Amino acid sequence: MRRPPSLPELTELFSALCEDTIDDVQFARLNARLEKDADARAHYAVYMDMHCGLSRRWGEPVSVSQPSTVVQAQVSRSRWTFSIAAVAALVVLTSSITLFVVQRIDGPAKQAASPEPPDIDPRIDPEATTDSVAILSSAIDAVWADDGSAHVAGAALSPGAFRLKSGVAVIQFYSGATIILQGPGELQLSTSGEAFCPSGRLSAEVPPQAQGFRIGTPHVVVTDFGTAFGLDVATDWAEVHVFKGEVALTGAAVALANLSEGQAVLIPRGGAASHFSARRDAFVTPQEVALQLAVSVNKRTEQWLASAEKFNADPTLIAHFDFEKLVRGDRVLKNLANNSSGLDGLIVGCAMSEGRWPGKGALEFSTFSDRIRMNVPGEFNALTLSAWVRVDRLDRLFSSLFMVEAFDVGAFHWQITNVGKVRLGVAGPKNTVRSENADYDTPAFMTPDRLGHWMHLVVVYDVTAGVVKHYMDGKLLQQLPPRFKRPLRIGNCEIGNWNPGNQVDRYPIRNLNGRVDEFSIHSRALEDSEIAQMYEQGSTRLSALRESKK
Amino acid sequence: MNEDDRSKQFVLQFARHENELFRYVLTLLPSWNDAQDVMQDTATALWQHIGDYDANRPFFTWASQFAYHQVQNFRSRQRTHRRLFSETVLEALACERTTHSDVIEGQRVALESCLAKLREQDRVLLQQRYATDSDVGALARATGQTPNALYKSLQRIRRALLECVMHKMAEA
């Protein structure tokens, strides 16, 4: 339950703020109240509106009519006329300049370099929605017929057709029914309790919670009463095998009785149905799926470990953490890069966790204390940062992937904004007026459906070649020119968090909410092909690896 | 739209939304002078980006993004963090900021009717405070009160106003 704000105390602080008599202790108290209390913020907003409204009301020349006013109001006009006058002046000035330029170069005039456009949406989005009806629980050697790049294990599935060329896919509907689809086969998802299978072989486990689950075929509709059954569908016939419980068959050309445990039926197009005994071994069982998954994970781990040897031998590799072999209470994260010594990570907080595949080690960042600290001396004309990360929530303005301490010239912050853009923020030269910072953003791609799934993120900064590049899952997302021709520096830095250095007592919270299970830094710009390879070697999908070898 | 029309449109829109924008900025940066500086920067930035403005979208929504960015710029320029809200507060305030013109208008109407309910001497005191740029000390001297008493009075009156406005808003 929310505590009602203590209005007398709050309004005392508000009033002191408006009269500029607030002291630092009071301000800190105000900040703390506003930080944790939405009601306090609502009151604050209305209070400040009121403050403006009153100033506006009496600061206007219109209201000077009352002669009883002790102090005349002529000075106060300036409060409200400042910016509109300035803008009007600007308009006149800039228009004439623009006109002049247009005449001179006889082409469209470009606006002068200006402050970065805003890219953090300060307003609350409408409540997020989804049309998903099922989840792809696992995919074993799955090759999808159409662009199935989004069909990775754990992905939410929306209504539509899923065409499996080969391999096995396990789809769990939100109703609780699970389907094991064998390739080649197609399944069209309609709702969380209904699907259509034009062709293919599948088995369904329908627990009591999902009773009434239906699968249509061109020849018959199978409605389940809380059972397990198999379905084999071709153009000219459909076979239904009941392993457990009972199913109803409807919509067939001929009337059919319910089918019970151990029974099977062949329904040819337009012909008479023939009954026979159900064959469990004709369909993949959940046990077989589990076994194949285990084998697949082993193969995956072996492949990844084999690729690590060459990876660690790269002389430009500054740091590589694989988060393996961690024991509870470990504080040191071993740097595996052959070429650099003493650059181990120091673990502060962070719970041990599971990574991309079962058994893979990872660290979880969830509280604002969690971080991995490093110190990397030197300046770099080029850097490549790579992370396997599972972002669970974007509940901060900035969620850190990797941030250099404070934000002095040459420092950089690799982060995700609250609207789901990956950003490399680089601190540029400072002068007394303003600091020149540059933000290199991807489009907002980290949508709610991507949260909770592992992805491979890379950023490349190359002053010499004049390019900043963002990658996701091995593919180039964004390419931008750097604003400053100066090297980056790292020094004290943190994976999954940030600290402001020593200058301030209170500072913004920027911790990552999610997991990291591999991280590396190179002192050069990796090629597109190398980044694609990193992804393939670390991907959970073996099939992706096989396809790329063709 | 040609350059001239665009300029006129812009000045018109800016004039219409200046108050709203200033309130927005002041809420995030609660110092009148600082907020004025940021308004100036925002006006400049808006003008430089006027080519990006889509007349079909609400002007305030567009402009407030620039204002937010300028507030951030201003904050990053500050050497001390004195009287700057934490990032969390800033973000929350910006997020929760109502952009609904009906609500804003309702608030204005509520303020007017609440002002009418004030005692005459309280209203006059408020007017003196807001109709002048001079500080509370000068006002205290002019009215023969101690500054402290004046602060307390202003605090009390504004609190009564806030309670009244919140009450009216809840009713609406």
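Let me start with a bond in chain B: a disulfide joins Cys114(B) to Cys164(B), with the two sulfur atoms 2.0 Å apart. Before I go further, please keep in mind that what we have on the screen is a predicted model, and that everything I say about geometry is computed from that model. A disulfide, as a reminder, is a covalent bond between the sulfur atoms of two cysteines. In this case the angle about the S-S bond is -85°, which makes the link of Cys114(B) and Cys164(B) left-handed. The pair ties together distant parts of the chain, with Cys114(B) sitting in helix α5 of chain B, residues 101-117, and Cys164(B) in helix α8 of chain B, residues 147-171, so far along that 50 residues separate them. Both partners, Cys114(B) and Cys164(B), are buried, and over all chains the structure holds one disulfide.

Let me turn to two cysteines of chain A. Why does Cys197(A) count as buried? Its relative accessible area is 0%, and the cut-off for buried is anything under 20%. By that criterion Cys350(A) is buried too, because its relative accessible area is 11%.

Now to the chain that carries the disulfide. Chain B has eight helices and zero strands, and read from the N terminus its elements run α-α-α-α-α-α-α-α. Of its 172 residues, 53% are buried, and the accessible surface of chain B comes to about 7,900 Å², with 48% of that belonging to carbon and sulfur atoms. If we take the contacts in chain B between residues at least 6 apart in sequence, 61% of them join residues at least 24 apart.

For a local example in chain B, I would like to look at Phe59(B), which lies in helix α3, residues 59-77. This residue counts as buried because its relative accessibility is 3%. Which residues does Phe59(B) touch, once those up to four places away in sequence are not counted? They are Phe10(B), Gln13(B), Phe14(B), His17(B) and Tyr53(B). For one of these, Phe14(B), we also have a separation: Phe59(B) and Phe14(B) are 45 residues apart in sequence and 8.2 Å apart in space, C-alpha to C-alpha.

Chain A has another make-up, and its secondary structure comes to seven helices and 29 strands. Buried residues make up 50% of its 550 residues, and its accessible surface is about 25,000 Å², of which 54% belongs to carbon and sulfur atoms. Among the contacts in chain A with a separation of 6 or more, residues 24 or more positions apart account for 55%.

Helix α1 of chain A, residues 7-18, deserves a closer look. Its 12 residues reach 16 Å from the first C-alpha to the last, close to the 16 Å expected at 1.5 Å a residue. The helix is mostly covered, with nine of its 12 residues buried, and those buried residues include Leu10(A), Leu13(A), Phe14(A), Leu17(A) and Cys18(A). Just after α1(A), Asp20(A) takes a positive phi of about 60°.

That brings me to the nonpolar cores. The largest has 77 residues, and those with the most contacts inside it are Leu30(A), Leu126(B) and Leu161(B). Domain 1 (3-99) and domain 2 (103-171) of chain B both give residues to this core, and therefore it lies between them. Leaving aside neighbours within four places in sequence, Leu30(A) is in contact with Leu10(A), Leu13(A), Phe14(A), Leu17(A) and Ile22(A), and also with Phe85(B) from the other chain. Apart from that core lies another one, of 51 residues, among them Leu363(A), Phe380(A), Met446(A) and Leu457(A).

I will finish with two further sites in chain A. Ser520(A) lies in strand β29, residues 513-522, and it counts as buried because its relative accessibility is 2%. Beyond its neighbours within four places in sequence, the contacts of Ser520(A) include Phe311(A), Leu317(A), His320(A), Thr384(A), Ser386(A) and Met534(A).

Where does Glu261(A) lie? It is in the loop between β11 (259-260) and β12 (263-268) of chain A. With neighbours within four places in sequence left aside, Glu261(A) is in contact with Val242(A), Phe243(A), Lys244(A) and Gly245(A). Glu261(A) and Phe243(A) are 18 residues apart in sequence, and their C-alpha atoms are 5.3 Å apart in space.

Definitions and conventions:
Residues numbered from 1 in each chain as written. Chains lettered and ligands numbered in written order. Predicted model: local features only at pLDDT ≥ 70, side-chain atom pairs only at ≥ 80, totals over all residues. Heavy atoms only, no water. Helix = DSSP H or I, 4+ residues; strand = E, 2+ residues; numbered from the N terminus. Buried < 20%, exposed > 50% of the residue type's maximum accessible area, 1.4 Å probe, protein only. Contact = heavy atoms within 4.5 Å. Areas by Shrake-Rupley, 256 points an atom, 1.4 Å probe, with all protein chains shown as cover. Core = buried A, V, L, I, M, F, W, Y, C linked by side-chain atoms within 4.5 Å. Domains from an automatic or database assignment. Expected span 1.5 Å × (residues − 1). Disulfide = S-S within 2.5 Å.
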